[in-house]
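Student: I've got a structure to look at and I'm not sure how to read it. Can we go through it together?

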Amino acid sequence: PEPTPEERLRQAADRWRSVAYGLNKQCAALSFVYTQDDDLPSPVLAPRRVKICSFNAYKLRLSDPKRKPDGTEGEATDGGVLLQHWQALAQIMGGFDVILMQEIPGEKKTREERINLFLEMLSRGTEQGLRWSYVHSLPSGVGGLSSTSNKEVHAAFVKQPLTIEQVDSWTEADTVVLDYSPLQLLISDPRGGPPGGTQEYLVTSVHLPPSDRAKKRDDSLKAMLRDYPNRARAAFKVAVTDKGAKDARSNREHVIHCIVGDFNVFPGREDKTTKEEVYGLTKAGFVATVPEEAATSSGLQNYDNILLDARTHERYLPSSSVMRLVKQQNSAAKQIGLSDHNPVVLTIEYPETTSTRPAAPFPKRER
């Protein structure tokens, strides 16, 4: 026979009491475990590391309800969803140390409005008490600084305790004029290097021409890699190799070199016939940390990368990753998103050395 309403109520109450009793037991057990865990020492030391992110931000379109995604006035077509995704991404980026962005509007008013809003969102995801420094390259476009339209800048955000020591825009490499003049900055990290010392980084943000201008792209990349040691030495007084430092009679500790950005091609590509590198990446002393098979764009191409100098790659503990955007731009499908590129991230961990001398990432060179 069917149970009466009273019987159903009693049975339901019995089931809820059983569930509540089980939950109480679980909570009691968890409380005991957490209490004990708080009393235990940490078994491992927190590693010293730096996280570097590169992102082609696709004009940094921070849509809001009063502005369309392309920046023009009017009702937003996405109802503010784009802004929410930017807020969520900024929360994640708050845990990084250095952020490089390409394809930021060159026009001052638009650039500063969007950068300031992004900085505000970034600060909300950052550990309390830590601030960000911000710099950008000279506005330029196709043809470099002489471009008269569609100018863009590279933007760099550096979090305390790291500091920006020097900034410059790279306009020409080995007589080749560089489109969207790369941003170069020398960064100092007081947590790295020898005891009581610092670790320096020379970071370069690039945005090379697309595939429909492949010759210009290839010429630019070859020239940049070929001329990079000369540029680093002339503009920043640093060397890429130990031999270069010795030849220059430099008294600086090892400087970590990173070339990041939207290359619009895999920088380590090989010629299918000769199996030799097309751009001379290895010869220039660099390693592509994002492998060729890893897609970084909505078109599933390997366009974005972080190049790391070979001796750092050998002596430190680097690891790369690609952050896949949930809301990605796909113009062909008329889908509005943050960008048609994914952010790429490089984490560099400072290890202890095998030297019996005081711990230092690199042994001191003879002067």
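Tutor: Sure! Let's begin with how pieces get their names: helices and strands are DSSP runs, numbered from the N terminus. One more thing before we start: this is a predicted model.

Student: Okay. Where is proline 161 placed, going by those names?

Tutor: Proline 161 sits in the loop between β4 (152-159) and β5. Now look at its peptide bond: glutamine 160 and proline 161 are joined by a cis bond, with omega at about 10°.

Student: And β5 itself, which residues does that cover?

Tutor: Strand β5 takes in residues 163-169, and serine 169 belongs to it.

Student: Is serine 169 buried or exposed?

Tutor: For that we need a cut-off: buried means under 20% relative accessible area, exposed means over 50%, and partly exposed is in between. Serine 169 has a relative accessible area of 10%, so it is buried. You can also check its distance to histidine 154: they are 15 residues apart in sequence, and their C-alpha atoms are 9.3 Å apart in space.

Student: Can we try that on a helix? Where does methionine 121 lie?

Tutor: Methionine 121 is part of helix α3, residues 108-124. Its relative accessible area is 3%, so it counts as buried. Its C-alpha atom is 7.1 Å from that of glutamine 91, although the two are 30 residues apart along the chain.

Student: Next, charges. How many salt bridges are there in the whole structure?

Tutor: The idea first: a salt bridge is a side-chain nitrogen of Lys or Arg within 4 Å of a carboxyl oxygen of Asp or Glu. A search of the whole structure turns up 13 salt bridges. One of them pairs the side chains of arginine 8 and glutamate 2, at 3.8 Å from N to O. Arginine 8 is partly exposed at 43% relative accessibility, while glutamate 2 is exposed at 66%.

Student: What about arginine 49: which residue does it form a salt bridge with?

Tutor: Its partner is glutamate 349, and their closest N and O atoms are 3.3 Å apart. Arginine 49 lies in strand β1 (residues 48-56) and glutamate 349 in strand β14 (residues 344-350), so this pair ties together parts that are 300 residues apart in sequence. Both ends are partly exposed: arginine 49 has a relative accessible area of 37%, and glutamate 349 has 21%.

Student: Where do lysine 109 and glutamate 113 lie?

Tutor: Both are in helix α3, four residues apart, which is about one turn of the helix. Their side chains meet in a salt bridge of 2.8 Å, N to O. Lysine 109 is exposed, with 54% relative accessible area, and glutamate 113 is partly exposed, with 39%. Salt bridges can share partners too: Asp97, Asp189 and Arg191 are joined into one network that way.

Student: Which residues form the negative surface patch?

Tutor: Glu270, Asp271, Glu276, Glu277, Glu292 and Glu293 form it. Take glutamate 293 from that group: you'll find it in the loop between β11 (286-288) and β12 (304-309). It has a relative accessible area of 76%, so it is exposed.

Student: How many disulfides does a search of the whole structure find?

Tutor: Zero. You could still look at a couple of cysteines: cysteine 53 is buried at 0% relative accessibility, and cysteine 258 is buried at 0% as well.

Student: Last topic: backbone angles. What is phi for glutamate 103?

Tutor: It is positive, about 60°, although glutamate 103 is not a glycine. This residue lies in strand β2, residues 98-105, and it is buried, at 13% relative accessibility.

Student: And where is lysine 334 placed?

Tutor: In the loop between β13 (317-322) and β14. Lysine 334 isn't a glycine either, and its phi is positive, near 60°. Now use the cut-off again: its relative accessibility is 78%, so lysine 334 counts as exposed.

Conventions: Residues numbered from 1 in each chain as written. Predicted model: local features only at pLDDT ≥ 70, side-chain atom pairs only at ≥ 80, totals over all residues. Heavy atoms only, no water. Patch = residues over 30% accessible without salt bridge, like charges linked within 9 Å, V, L, I, M, F, W, Y side chains within 5 Å. Areas by Shrake-Rupley, 256 points an atom, 1.4 Å probe, with all protein chains shown as cover. Lys, Arg positive; Asp, Glu negative; His and termini not counted. Charge placed at Lys NZ, Arg CZ, Asp CG, Glu CD. Helix = DSSP H or I, 4+ residues; strand = E, 2+ residues; numbered from the N terminus. Buried < 20%, exposed > 50% of the residue type's maximum accessible area, 1.4 Å probe, protein only. Disulfide = S-S within 2.5 Å.
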